[in-house]
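Q: Please take a close look at one loop residue with an unusual backbone angle and at the helix that leads into it. Then set that part against the rest of the model.

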Amino acid sequence: MAQEISWLADLGRTDVAVAGGKGANLGELVRGGFPVPDGFVVTTAAYDRFVAEHHLADAIADAAAAVTAGQPAGAAASRVADLFSGGALDPGLAEAIRDAYARLGGGPVAVRSSATAEDLAEASFAGQQDTYLNVVGDDALLAAVRDCWASLWADRAIWYRAQHGVGDASLAVVVQRLVPAEAAGVMFTANPANGRTEETVITAAWGLGEAVVSGLVDTDTIVVDTDGDRVLTTHVADKAVRIDPVVSDAPETAGSDRAAASGRTRTSPTGAERNRAVLDDAAALRLAALGERIAAHFGAPQDIEWTLAGGEFQLVQSRPITALPPRTGPIPVDWPVPQKGLYFRASITEQLPDPLTPLFADLMATAVPAGLNRMLAELVPGGASSDIGFPTINGYAFYRYSYSAFGALLKMTPMAIQKVLGGGGSWIEDRWRARLADYRAEVDAEAALEVGAVSASELLAAVERLVDAVTYYYTAVQTIIPLAATAELTWTGVYDKLLKRPGDPSAEVFLLGYDSEPIRADKALYDLARWVRDQPGLAEAVADPSVDALADDAPGGVSGEVWTQWRERVSQHLSEHGHTLYNLDFVNPVPADDPTPVLGALRYDLADDAPDPHVRQQRAAAAREDAAAALLVRLQGWRAERVRSLLTRAQHTGPLREDALAAMGLFLPPARRLLRALGDRLVAADAVAEPMDVCWLTLDEARGLAASLDGGGEVPGDLRDRIAARQAEARGERLATPPQYLPKNRTMDAFEWMYPATAGGAVGGVLTGTAGSGGVVTAPARVLSGPEDFGLFRPGEVLVASITTPAYTPLFAMAAGVVTNIGGVLSHGSIVAREYGIPAVLGTGSATRDIHTGDEITVDGSAGTVRLPGAVDAVEQPAPGHRWLLVAAGAALVAAAVAHVWYHARKRR
């Protein structure tokens with residue numbers, strides 16, 4: 001039986017097949033001269049022979065089948081455990097284990113499972129099988145070996161392997177001298193929070209490491225800069241308990257009793273050292289240096305379990321760090337302004353919620369002021385100003401006005417408002433429609449460009465023209481928004497203050513049930529889903545996430561003709577509606593590029609009970625018409641005509657806002673196509689790793705590279721590192737919350753009420769924001785950082801995001817409610833939520849920080865509050881309100897004038 005026992009010193013990293021991941025890695029550490037407790041491995045050959053001799057294959061297959069089929073497998077897994085514990089070890093193997101144990105000197109050992117599938121770079125399998133500590137005596141050791149084998153087929157282990165695509169597995173057992181640890185912990189030789197390979201993160205607690213890896217105790221956390229050989233941060237935790245071996249002179253004689261074989265440890269209060277640091281700086285630096293050596297030995301960042309006894313560190317595990325995130329730069333704290341002036345995040349920046357890529361930032365820096373000045377010149381003669389800018393601070397876009405430019409803007413505001421609202425806003429609507437037509441023509445012209453037939457410089461120039469086109473088009477959107485907002489707020493103010501009686505419908509009921517781009521896209525997708533359901537085998541194929549829904553070849557069970565029709569129909573849908581944007585920055589894909597969100601919503605629409613948007617709209621329209629008819633009949637005469645005029649205007653302009661916003665994304669599909677074509681040439685020149693990495697170049701860099709490509713010049717060789725550094729910096733910036741205005745001072749703070757978000761922060765477990773859409777719902781939350789998370793959203797969850805843009809619309813049909821950091825009563829999220837009849841609270845300021853995915857929260861869209869887990873009933877919350885008061889203030893003036901006329905008309909009658 002000698003081949004079924006191997007000493008750690010004889011194993012290297014190539015011995016996974018016989019020693020399992022843990023055993024092979026420990027063997028490699030021993031061979032590398034690192035401090036590892038002495039021990040041996042009961043190899044996978046012993047496990048395989050035991051399974052064969054005791055005919056366990058069928059029981060194991062039953063347990064595995066039950067778990068992978070999603071069924072409770074407790075009984076099957078328990079039967080497997082009983083079979084392992086009840087089976088006698090081959091006498092020769094048992095004797096070999098006893099002999100090896102004797103060579104270790106007997107005494108307490110750790111018995112640890114080591115599966116062949118564990119400690120892979122892509123999946124660690126940590127904690128999926130069992131470990132037994134402080135095992136003493138021959139019989140207890142043999143029982144622990146069998147229990148480790150059985151743990152390979154526990155529910156959690158089977159499920160974990162199935163999730164990672166691992167089928168067959170064997171299990172070796174590592175037996176090591178137990179280190180009587182004074183302290184223990186885990187060390188990551190790269191920071192798993194930010195991906196920085198020059199940072200080592202150490203967690204530490206008193207006693208055996210079981211308290212750490214099981215999550216039983218809070219741990220000290222130390223971050224070491226290994227490049228600078230210094231401790232960056234130290235957090236000393238309140239380590240309430242510790243686990244220690246039970247000391248006894250009597251050997252354990254457990255036989256096959258699994259409970260006894262589990263080892264003898266005790267959990268006890270920590271005592272006086274509870275709030276004392278486990279490691280001082282010198283010890284932390286010594287441990288981090290050891291970790292660096294181990295990572296270099298394995299050639300990859302490592303997740304290491306360590307112990308400390310008698311002042312010396314020993315290692316009991318090392319595995320590759322799985323899923324190390326991309327490198328993340330520091331999170332900005334200071335927000336220095338580049339030059340004197342007033343800085344605001346408003347207007348078009350709502351479509352720019354994240355840090356900008358360098359190329360887009362450079363293009364927008366000139367395009368936005370140019371477009372804004374064109375609009376000002378159209379509204380007010382001589383209104384253009386050279387003192388308007390669009391810089392970035394920590395990657396985030398801000399409008400910048402010099403003090404003189406801002407003063408001039410305030411002076412021309414009354415004239416601009418008169419122009420916007422004059423004649424019922426017809427001039428503004430006509431301007432938008434004309435501008436939209438021009439914008440579409442500009443986009444179509446660039447979309448028709450033959451990318452293979454033009455120079456790299458022309459590809460870049462075409463992208464510049466598209467950015468100029470969208471920023472100038474946005475100036476038409478800028479005037480449509482206040483036109484629609486004024487009409488809606490005026491109607492709401494007059495209705496709520498002068499017309500509404502107890503039991504009457506809310507003001508928003510009069511405005512629902514009309515078509516706009518989000519509604520049209522929703523209905524078109526539902527119709528597509530209904531067609532899919534009628535085609536043989538197609539619904540099953542499309543509903544399967546593992547099937548490539550846009551593949552050239554039809555999957556099994558679907559005819560080629562049906563599959564061709566499906567691809568044509570979905571392509572047509574994406575052509576018409578696939579430009580809805582999450583972010584104007586062209587680095588972000590739209591559904592036309594990545595239809596994942598659309599396909600997710602379509603799969604939801606395939607269900608028998610999927611809500612029909614046509615029916616929903618018809619009901620909303622019927623309720624609207626009934627409410628309007630009842631109100632107008634009650635008023636009659638002159639007052640009815642005045643109300644009809646207000647209502648008609650609000651009903652007409654509301655959908656315009658969503659249509660205007662939705663069209664902004666038209667430039668993105670052709671812009672991304674052009675950028676990919678330019679990026680393909682840079683990839684071919686070995687300048688960048690991915691085509692869309694071109695977005696991370698500055699405009700000057702991109703122009704220079706394009707010229708080099710066109711002229712056969714030399715392309716710089718350091719672009720990849722430069723791009724990686726910029727991407728890392730942007731990841732850190734994305735974790736910051738940019739201020740809505742700068743500089744921060746008393747004067748600017750006095751205008752904080754004008755912005756579409758609170759300062760943020762829950763009070764008594766309750767978040768307060770703007771009441772965007774009525775209703776109350778309690779449901780689990782899903783926090784989304786962007787389109788990359790859309791596929792995680794599940795029907796019935798509350799959608800929580802920084803801000804919702806048109807790209808989020810497919811999720812509204814599935815959502816139970818909506819909560820955002822930024823937004824107001826007239827923002828996209830509010831308007832679309834009302835159409836879908838779900839509660840929405842917007843402008844909370846901190847929803848994405850205070851709410852976590854899976855939290856059961858209560859969204860009260862009428863009160864503007866969100867109750868978090870553990871909310872305190874007695875805390876009085878500040879009253880929510882409309883925070884977009886710049887718009888509301890103008891609307892209030894209109895409402896006051898209407899009310900004045902109304903009052904005098906009543907006196908005349």
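A: H55 is exposed in this predicted model, because its relative accessible area is 68% and the cut-off for exposed is over 50%. H55 sits in the loop between α2 and α3 (57–68). Its phi is positive, at about 55 degrees, although H55 is not a glycine. Most residues other than glycine have a negative phi. The turn to a positive phi at H55 comes just after α2.

The helix before that loop, α2, spans residues 44–53, and T44, A46, Y47, F50 and V51 are buried in it. These residues lie on the same side of α2, because they cover an arc of only 155 degrees around the axis. An α-helix has 3.6 residues a turn, so residues three or four places apart point the same way.

A second case of the backbone feature is found at D686. D686 also is not a glycine, and its phi is positive at about 60 degrees. D686 lies in the loop between α21 (668–684) and α22 (699–711). D686 counts as exposed because its relative accessibility is 56%. Another backbone feature concerns a peptide bond. Most peptide bonds are trans. The bond from L742 to P743 is cis, with omega near -5 degrees. P743 is located in the loop between β19 (741–742) and α24 (746–749).

Now the wider setting. The protein has 909 residues, and buried residues make up 54% of them. Its secondary structure comes to 28 helices and 27 strands. Of the contacts between residues at least 6 apart in sequence, 72% join residues at least 24 apart.

One loop contact of this kind involves A592, in the loop between α17 and α18. A592 and P669 are 77 residues apart in sequence, yet their C-alpha atoms are 6.7 Å apart in space. Leaving aside residues up to four places away in sequence, A592 touches L574, G578 and P669. A592 is partly exposed, with a relative accessible area of 36%. The two helices that flank this loop, α17 (residues 560–577) and α18 (residues 596–605), have axes that come within 12 Å and cross at roughly 120 degrees. Their crossing is right-handed. On the α17 side W566, V570, H573 and L574 take part, and they meet V598, L599 and L602 in α18. L574 therefore appears twice, as a residue of α17 that meets α18 and as a contact of A592, which is partly exposed at 36% relative accessible area.

Two buried residues in regular elements can be set beside the exposed loop positions. E658 lies in helix α20 (residues 637–662) and is buried, with a relative accessible area of 2%. Not counting residues up to four places away in sequence, E658 touches S516, P518, H828, I831 and V832. T307 is in strand β12 (residues 302–309) and is buried, with a relative accessible area of 8%. With residues up to four places away in sequence again left out, the contacts of T307 are V179, A181, A183, A184, E312, F313, Q314 and V316.

Aromatic residues give a further view of the interior. The structure holds 18 aromatic pairs. In one of them, F344 and Y401, the ring centres are 6.1 Å apart and the planes are at 55 degrees, so the pair is tilted. This pair links distant parts of the chain: F344 belongs to strand β14 (residues 342–344) and Y401 to strand β18 (residues 399–401), 57 residues apart. F344 counts as buried at 10% relative accessibility, and Y401 is buried at a relative accessible area of 11%. F390 and Y399 form another aromatic pair, which is edge-to-face, with 5.1 Å centre to centre and 75 degrees between the planes. Both F390 and Y399 are buried. F344, F390, Y399 and Y401 belong, with F406, to one aromatic cluster.

Rings are also met by arginine side chains. R374 lies over the face of Y472, 3.5 Å from the ring centre, and R624 lies over the face of Y514, 3.8 Å from the ring centre.

To return to the starting point, H55 is exposed, with a relative accessible area of 68%, and it follows α2, where T44, A46, Y47, F50 and V51 are buried.

Technical notes. Residues numbered from 1 in each chain as written. Predicted model: local features only at pLDDT ≥ 70, side-chain atom pairs only at ≥ 80, totals over all residues. Heavy atoms only, no water. Buried < 20%, exposed > 50% of the residue type's maximum accessible area, 1.4 Å probe, protein only. Helix = DSSP H or I, 4+ residues; strand = E, 2+ residues; numbered from the N terminus. Arc of directions from axis to C-beta. Phe/Tyr/Trp six-rings, centres within 6.5 Å; stacked < 30°, edge-to-face > 60°. Lys NZ or Arg CZ within 6 Å of the ring centre and 35° of its normal. Contact = heavy atoms within 4.5 Å. Axes fitted to C-alpha atoms, helices over the stretch in contact; angles between N-to-C directions. Left-handed = near helix turned anticlockwise from the far one by under 90°.
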